[in-house]
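Hi,

Here's the structure I said I'd pass along. Have a look at it first, and my notes follow below.

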Amino acid sequence: MTASAKKRVTLTAKYIVTSVVAALFLFPVFVMVLRAFTADDFVFAPRFFPVEWGVSGFVNAVDGGIVQLVINTLIVAGLTIAGTAVSSTLCAYGFSKVKFKGQSVVFGIVIATLMLPAVCMQLQLFSQYYNWGWIGSWLPLIVPAFFGGGATNIFLVRQYMKGVPNSVCEAAKIDGANKFTIYWRIVLPMCMPIVTYVMVITFLGCWNDLMGPLMYLQMSGRESYYTLSLGIYMKSLDPEFWQWQFPNVQMAVGLLMMLPCVLLFFLFQKSLIEGVTMGSVKG
Amino acid sequence: MALNAKERRKFKVADNLTSFLFVVPCVLGIILFTLMPMVSSLYYSFTEYNTMVSSSPQAFVGLDNYVAVFTTEWAKAGHALKVTVLYSLVTIPLYMVLGFMLALPLAREFKGVRVFRTLIYLPVLIPMIISGYLWNDLTQSYGHINQILETIGVGKYAFFNSEDTAMLSFVLMGLFTLGGNMVLWIAQIKAIPNAMFEAAEIEGAKYRTVLFRIIIPMCTPMIFYNLVLSVVNSLQTYASAIVVRTHLNADALDFYVGQVYSKIVEMGNLGMGSAMSWILFVIIAVIAGITFKFNKWVYYEEDV
């Protein structure tokens, strides 16, 4: 066998193996599609392929008020993304491009919070929000994002910022720019790849979040504030929305929820995959 | 420009202060949303505090709660701890190795690689709430998986509907979210300088040599990072389990954090619940500490 023929065989084998593996991972989503497009009458006696196809799952989802849930979730996600982007880059700048006494100690504490188990504080956090009158509002979901935006994000942006040459900042300083101007006009625009990564990751987290809304919104029963995951959960328990117990409605909602996420992952794949090592590549 | 000593000191203080201003958001955030709840939880763990009796601790009891977890409460707490630790011991290495094997062929660019990565990542994007409904539906006796098993002649499997099979089913279900792990590995493999692979090719190195002499050693920082975070997360498994937990598998999927929540939310026993959460904290801290202690095998480039 010639070298090129051998190479072609290896490549074909690679495609076949990868396709089989991909098909395996596609299985749950494939079943979601089958279930979502099953007509109402056949959802509880499933065959592998629907006996009768139908879009009533999607129709019932829209009739059941999914649009309001989407709007709510978009508002919460939008504000959280804004807060995370602004405050994580500010803090990262403070940990990389300027110096102050005790900087490394403060940074060490920030990173150490990554290791703390959430369970040690979650319930106390709840009672703290309760005392502040925040339960039943979006404040517990949004406000913490404005205070640092998460240790992982600060860490990743800081790594990336370290790759921005100090000479650029020095030059601006000599031209009379203050620290904030240097951050806003010079460093931040140069960090857009990692900021994009942080924003996309934050969106995916908000869009699918169940535990946060379940803890902070559910008890108040203020339905007009429910986000997607919580709304779906509450509707499936509510006799008034009996259709939401149907697998075709549930899977239709699932597919609708996944759509923007899949698009984002496909489009931003490069920055999503390389985001975690972006800093070290540049450095 | 000559500044006298006093002016220079004043300038230095102002410079320190304006620099510090940038990190004020996260410092405040840690105080408000991490430190304050943690301190009160630590204090409550030394008290008798039932939220159904009154809205403040009833009595200071010292270490009583901690002692109780290992004596009167041990039957339940110990069982949950055993389930959680066994689950972690099995899944941390399993998911790491399989995630690496998935990433290996997909780290190189080739035609269609973006589509393959997206397809494998797809199950990670299924919202948790939907994933609960989906896996319940998939694994029922009439569900799609049992239909396949029947057709190929294996016969029906109980999955989440039995104490004996629920844990294995839970581990298998987790396999479908390996895409998240894969993405981390791809990132690390892609960050390896191409020059290394070129040098290996010129030297005529076999693939096995490249794998064990270049790829794996260069990935050790990611292995380490992954290991520490997996320990922290895996011992706190909760949300992914409650969506598939029913009365048919309550014992098998009895994770420790679930016990903590039921102590506090269902029984209002904030004192005992807090003590249990701090015991978990100590366990995690000890394991993470050991991991840090034995990190000689991690290859570090010069810190940037």
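Starting with chain A: the domain assignment splits this chain into domain 1 (3–56) and domain 2 (64–282). Bear in mind that this is a predicted model. The C-alpha centres of the two domains of chain A are 33 Å apart. Where they touch, domain 1 of chain A puts in 8 residues and domain 2 of chain A puts in 7. On the domain 1 side, helix α1 (residues 3–36) of chain A gives the largest share, with 4 residues. Sorted by class, that side has 4 nonpolar, 2 polar and 2 charged residues.

Now for the interface between the chains. Here 72 residues of chain A are in contact with 65 residues of chain B. Several helices of chain B give two or more residues to its side, among them α1 (5–21), α5 (113–121), α9 (178–190) and α14 (270–293). The largest share of the chain B side is from α2(B), at 14 residues. As for chemistry, the side of chain B that touches chain A counts 47 nonpolar, 14 polar and 4 charged residues.

One helix pair you might like to pull up is α13 (residues 247–267) of chain A against α5(B): their axes come within 10 Å and cross at roughly 145°. The crossing is right-handed. From α13(A), the contact uses A:Val262, A:Phe265 and A:Phe266, and these meet B:Arg114, B:Thr118 and B:Tyr121 of α5(B). By class, the residues of this contact come out as 4 nonpolar, 1 polar and 1 charged.

Cheers

Notes
Residues numbered from 1 in each chain as written. Chains lettered and ligands numbered in written order. Predicted model: local features only at pLDDT ≥ 70, side-chain atom pairs only at ≥ 80, totals over all residues. Contact = placed C-beta atoms within 7 Å. Nonpolar A, V, L, I, M, F, W, Y, C, P; charged D, E, K, R; others polar. Axes fitted to C-alpha atoms, helices over the stretch in contact; angles between N-to-C directions. Left-handed = near helix turned anticlockwise from the far one by under 90°. Domains from an automatic or database assignment.
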